[in-house]
Amino acid sequence: MLAAILRSFGEELSLEDVREPSNGIILKVLATGLCHGDLHVMNGDWKYEIKIELPKILGHEIVGEVVKGNHNFKEGDKVLVYNSVGCGKCKYCVSRKYQYCEKVKIVGLNIDGGFAEYVSVPTDNILLRVDGNPVELAPLADAGITAYSSTKGIGEGDNVLIIGTGAVALLALQILKLKGARITVIGHNKNKLGKAKEIGADEVIDIQDGSTIASEIKESKFDYIIDYVGSDYTLSDSMWLLNREGELRIVGEFGGTLTVPEQLLVLKGLKVRGILYGSFDDLISVYKLYNEGKIRPIVNTYRLRDINKSIKGLREGKMIGRAVIVPP
Ligand SMILES: [Zn+2]
Ligand SMILES: [Zn+2]
């Protein structure tokens, strides 16, 4: 089968003909989303935090068709793959928050993933039977679930600032819209901000070069700020822009450092939370929103053989929404 393989950090993916997997449940890959996380992995940015042994087939946002199943999943079933495989026993696994399991293995990082014609999954408790267009379904497996979990608890009338305009942020915007929140989106890519406006942002702010988030925002105060970037630049102002009892949620993993004066935190009763992915139940919930036609991932389709072209587009900031890879 054709597979795109990461052989060494800092290089393009290598397109090779490799043996099809034979263990576990086998899926014929219908579509796999290309995530910003894949770029971080390829760059080697995370090689100290996440143990990734090379060579590896990346791709952790997979929708596939069962070709070798078990008693729960039959041949021909279309499934979305929740990408974190847990130990199945710890308190996190029991509540199906497999992403926080100490022994977690991620399909497409620690285990070969979806940038191939077939993929093997080790357990069926990460599979969700789905219906719909595979190219739109694939982004739900990471961007969608993360967008969903990062917006939980936010409701009608809340004033929300979204920092960033990537695929997760644009999905979160759609979900927040359904909840009746007031949404401001801040970013520095005109085309992506235009898209945010088109799909329902109440306000978009284009950060000028040399400017800061605080100076662009001026007077507004937010009940929630959701940072889909997570850099020093985005983190430096956020806490100052929150209302009393406001909450900063950090989702993006650009490696910034958050410094907060203790008195600001205490006197205003502020909260900070990190959001990593979501629970299996969040995947069910976000799929339900998609299935009811309430959200639509924005997608750009590429063939597997052209994957390096899509990676280049994502790196250059040209991709609005998700690049989704379809084999071969
Ligand atoms: Zn990802
Ligand atoms: Zn566990």
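## The annotated span

For residues 167-288, the UniProt record, in an unreviewed entry, lists "domain: Alcohol dehydrogenase-like C-terminal". In the structure shown here, which is a predicted model, the C-alpha atoms at the two ends of residues 167-288 lie 19 Å apart, and the span is 41% helix and 24% strand.

## Two domains and their contact

The chain is divided into domain 1, which is made of residues 2-142 together with 278-326, and domain 2, which covers residues 147-274. Taken over C-alpha atoms, the centres of domain 1 and domain 2 are separated by 27 Å.

Where the two parts meet, 16 residues of domain 1 are in contact with 14 residues of domain 2. On the side of domain 1 that touches domain 2, helix H1 (36-43) and helix H10 each supply at least two residues, and the largest share of that side, four residues, comes from H10.

## The largest nonpolar core

The largest nonpolar core holds 94 residues, of which Val 81, Phe 115, Val 160, Ile 162, Ala 172 and Leu 173 touch the most other members. Helix H5, which spans residues 167-179, gives the most to this core, with nine residues. Because domain 1 (2-142 + 278-326) and domain 2 (147-274) both give residues to this core, it lies between them.

Ala 172, one of the core residues that touch the most other members, can be followed a little further. When its neighbours within four places in sequence are left aside, Ala 172 is in contact with Ala 147, Ser 150, Thr 151, Ile 162 and Ile 226. Of these partners, Ile 162 is itself listed among the core residues that touch the most other members, while Ala 147 and Ser 150 are buried residues of helix H4.

## Helix H4

Helix H4, residues 143-150, is mostly covered, since eight of its eight residues are buried. These buried residues are Ala 143, Gly 144, Ile 145, Thr 146, Ala 147, Tyr 148, Ser 149 and Ser 150. What do the buried residues of H4 pack against? Their partners are strand S3, helix H5, strand S14 (222-227), strand S15 (242-250), helix H10 (280-291) and strand S18.

## Strands at the start of the chain

Strand S1, residues 2-6, pairs in the antiparallel sense with strand S2, residues 14-17, over four bridges. S1 also pairs with strand S4, residues 56-57, again in the antiparallel sense, over two bridges. Ile 5 takes part in both pairings, for this residue stands opposite Ser 14 in S2 and opposite Ile 57 in S4.

## Strand S18 and its partners

Strand S18, residues 322-326, is mostly covered, with four of its five residues buried. Three bridges join S18 to strand S3 (residues 25-34), and the two strands run antiparallel; in this pairing Leu 34 stands opposite Ala 323 in S18.

Strand S17, residues 299-303, is joined to S18 by five bridges, and here the strands run parallel. The bridge partner of Tyr 302 in S18 is Ile 325. Together with helix H11 (residues 307-315), strands S17 and S18 make a right-handed β-α-β unit. S18 thus appears in several parts of this account, as a strand bridged to S3 and to S17, and as one of the elements that the buried residues of H4 pack against.

Definitions and conventions. Residues are numbered from 1 along each chain as its sequence is written. Chains are lettered from A and ligands numbered from 1 in the order in which they are written. This is a predicted model: local features need pLDDT of at least 70, side-chain atom pairs count only at pLDDT 80 or more; totals for chains, interfaces and linings use all residues. A nonpolar core is a set of buried Ala, Val, Leu, Ile, Met, Phe, Trp, Tyr and Cys residues joined through C-beta atoms within 7 Å. A residue is buried if 20 or more other C-beta atoms lie within 10 Å of its own, exposed if 12 or fewer, and partly exposed in between; C-beta atoms are placed from the backbone. Domain bounds come from an automatic or database domain assignment. Two residues are in contact if their C-beta atoms, placed from the backbone, lie within 7 Å. Two strands pair if DSSP finds at least two bridges between them. A crossover is right-handed if, with the strands pointing away from the viewer, the path from the first strand over the helix to the second runs clockwise. UniProt positions are given in the numbering used here, feature names are shortened, and annotations may be inferred rather than shown by experiment.
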